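Here are my notes on the model you sent, as numbered points. They start with a term that the first point relies on.

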Amino acid sequence: MAHISIRNLKKQFGQTVAVSDFSLDIADGELVTFLGPSGCGKTTTLRMVAGFIAPTAGSIHIGDTDVTRLPVHKRETGMVFQRYALFPHMTVEQNVAFGLEMHKVDRRERQTRIQEVLSLVRMSHLAQRYPRELSGGQQQRVAIARALAIRPRAFLLDEPLSNLDAKLRLEVREEIRTLQQELGLSTIFVTHDQEEALAISDRMAVMFDGKVQQVGTPEELYERPANLFVASFLGRMNFLPGSHAGSTEFIAASSTSIKADGLTASTRQLGLRPERIRLSPTPQAGFANQLAGAIDNVSYLGDQLDIRFRAASGLQLIIQAPNLPEPGNGFRCWQPGMAAVANFHAHDCIAF
Ligand code: ATP
């Protein structure tokens, strides 16, 4: 394995700047996801690392090798695609063997590696099947085995779970993460699914409009988003416009005073996650903010309630509350019209 170093990478298609000035270091054995909405440039960046697209400017190193101008097969990268990209006329075993032949691995070594990787993805028993005789999850496992057989120095995955149903997606995601960690693979994983990125990453690079917006661990990005784009793209957030009225006081809509950490004179907005607000019948000790008000609306989500709360001042908040109904009180612990207090900490308010 090897670290991957991307420096000032740029790609322009005619007038469209798909990727502008992208720099990132991926450590040996680290899994970094590229996360962002459709069209933000994540696939183009990955394809430049793999060698399918030539950059307009910038460089890519894998280990100490400058691969920027090397053809795909000389980069020693293993790539997995959204649509598996298996050869339909070849068996599982032949699909895995193909890459090894391309890399001129001799016959005996080929057999050892095929058995090794098929066993890693638990597909040894289906080695003689054709892709059409496999489920989507099994096909993707073969594609992973094929990518790993060449012992890549960088493991590159482009939305590998998008074609799988929800249950399989979770299963294959865990398998990929386990394999990646066991084998110590330096990995780039492209996805537009924030939950997937949070669950699988050592670090994430959130992209928008061809640019990296923020790079960090899942916790860093979720807890301390660097800007409004990252804050709104990753999870849900109440955005409260207003102005700073002191080092710890912020005045939000309807002159509502909120105690918040990290305020500066230029703070124009507070972000507050719906699940960080504790709803209670009376004010709860230990919270800097206790806004009395009432429930406007409740959406039932089974394990959670999605609540629209209106403070006495008029300020509105979305609150995500666990649903813990008391016996004899129906199946929703909060109902529209009930009086309630929204309690939250100053350190859960993010200043923008
Ligand atoms: P998605 O999740 O939809 O695949 P993405 O974030 O991977 O999106 P890219 O496929 O990298 O985005 O595309 C980035 C931008 O570059 C888009 O505006 C896209 O239209 C443009 N683009 C990509 N490939 C080409 C191409 N071959 N020719 C012209 N424009 C392109």
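Two strands count as paired if DSSP finds at least two bridges between them. The model is a predicted one.

1. The N-terminal hairpin. S1 and S2 make a hairpin, and two residues lie between the strands. In that turn, Gly-14 has a positive phi of about 60°. The two strands run antiparallel to each other and pair over seven bridges. Ile-4 is placed opposite Ile-26 of S2.

2. The other partner of S1. Strand S1, residues 4-13, also pairs with strand S4, residues 57-62. This pairing is antiparallel as well and covers five bridges. Arg-7 has Ser-59 of S4 as its bridge partner.

3. Asn-8. This residue belongs to strand S1. Its phi is near 45°, which is positive in a residue other than glycine. Is Asn-8 buried or exposed? Asn-8 is exposed, because 12 other C-beta atoms lie within 10 Å and the exposed class takes in 12 or fewer.

4. Lys-104. Here is another non-glycine residue with a positive phi, in this case about 60°. Lys-104 sits in the loop that links helix H2 (92-102) to helix H3 (107-120). With 7 other C-beta atoms within 10 Å, Lys-104 is exposed.

5. The shell around the ligand. Which residues surround the ligand? They are Phe-13, Thr-16, Ala-18, Gly-36, Ser-38, Gly-39, Cys-40, Gly-41, Lys-42, Thr-43, Thr-44 and His-192. By class, the shell has three nonpolar residues, eight polar and one charged. Strand S2 (16-26) and helix H1 (42-50) each contribute at least two residues. The largest share is that of H1, with three residues.

6. Helix H1. The helix that gives the ligand shell its largest share is itself mostly covered, with eight of its nine residues buried. The buried residues are Lys-42, Thr-43, Thr-44, Thr-45, Leu-46, Arg-47, Met-48 and Val-49. Just past the end of H1, Gly-51 has a positive phi of about 105°.

7. Leu-164. Where does Leu-164 sit? Leu-164 is in the loop between strand S7 (154-158) and helix H5 (166-183). Leu-164 counts as partly exposed because it has 19 C-beta neighbours inside 10 Å, while a buried residue needs 20 or more. Leaving out residues up to four places away in sequence, Leu-164 touches Gly-136, Gly-137, Gln-140, Arg-169 and Val-172. From Leu-164 to Ser-135 the C-alpha distance is 9.5 Å, with their positions 29 residues apart in sequence.

8. Ile-295. This residue lies in strand S16, which covers residues 289-300. Ile-295 is buried because it has 20 other C-beta atoms within 10 Å, and 20 or more is what the buried class asks for. Which residues does Ile-295 touch, not counting those up to four places away in sequence? They are Ile-307, Phe-309, Trp-334, Gln-335, Pro-336, Gly-337, Met-338 and Ala-340. His-345 is 50 residues from Ile-295 along the chain, and their C-alpha atoms are separated by 20 Å.

9. Domains. The domain assignment splits the chain into domain 1 (4-233) and domain 2 (238-351). Taken over C-alpha atoms, the centres of domain 1 and domain 2 are separated by 40 Å. An unreviewed UniProt entry lists residues 4-234 as "domain: ABC transporter". Over residues 4-234, helix makes up 37% and strand 26% of the chain. The end C-alpha atoms of this stretch are 25 Å apart.

10. The chain as a whole. How many helices and strands does the chain have? There are eight helices and 20 strands. The C-alpha trace spans about 75 × 50 × 35 Å along its principal axes. Of the 352 residues, 38% count as buried. Among contacts with a separation of 6 or more, 65% are between residues 24 or more positions apart.

Definitions and conventions. Residues numbered from 1 in each chain as written. Predicted model: local features only at pLDDT ≥ 70, side-chain atom pairs only at ≥ 80, totals over all residues. Helix = DSSP H or I, 4+ residues; strand = E, 2+ residues; numbered from the N terminus. Contact = placed C-beta atoms within 7 Å. Near = placed C-beta within 6 Å. Nonpolar A, V, L, I, M, F, W, Y, C, P; charged D, E, K, R; others polar. Domains from an automatic or database assignment. UniProt positions renumbered as here; feature names shortened; annotations may be inferred.
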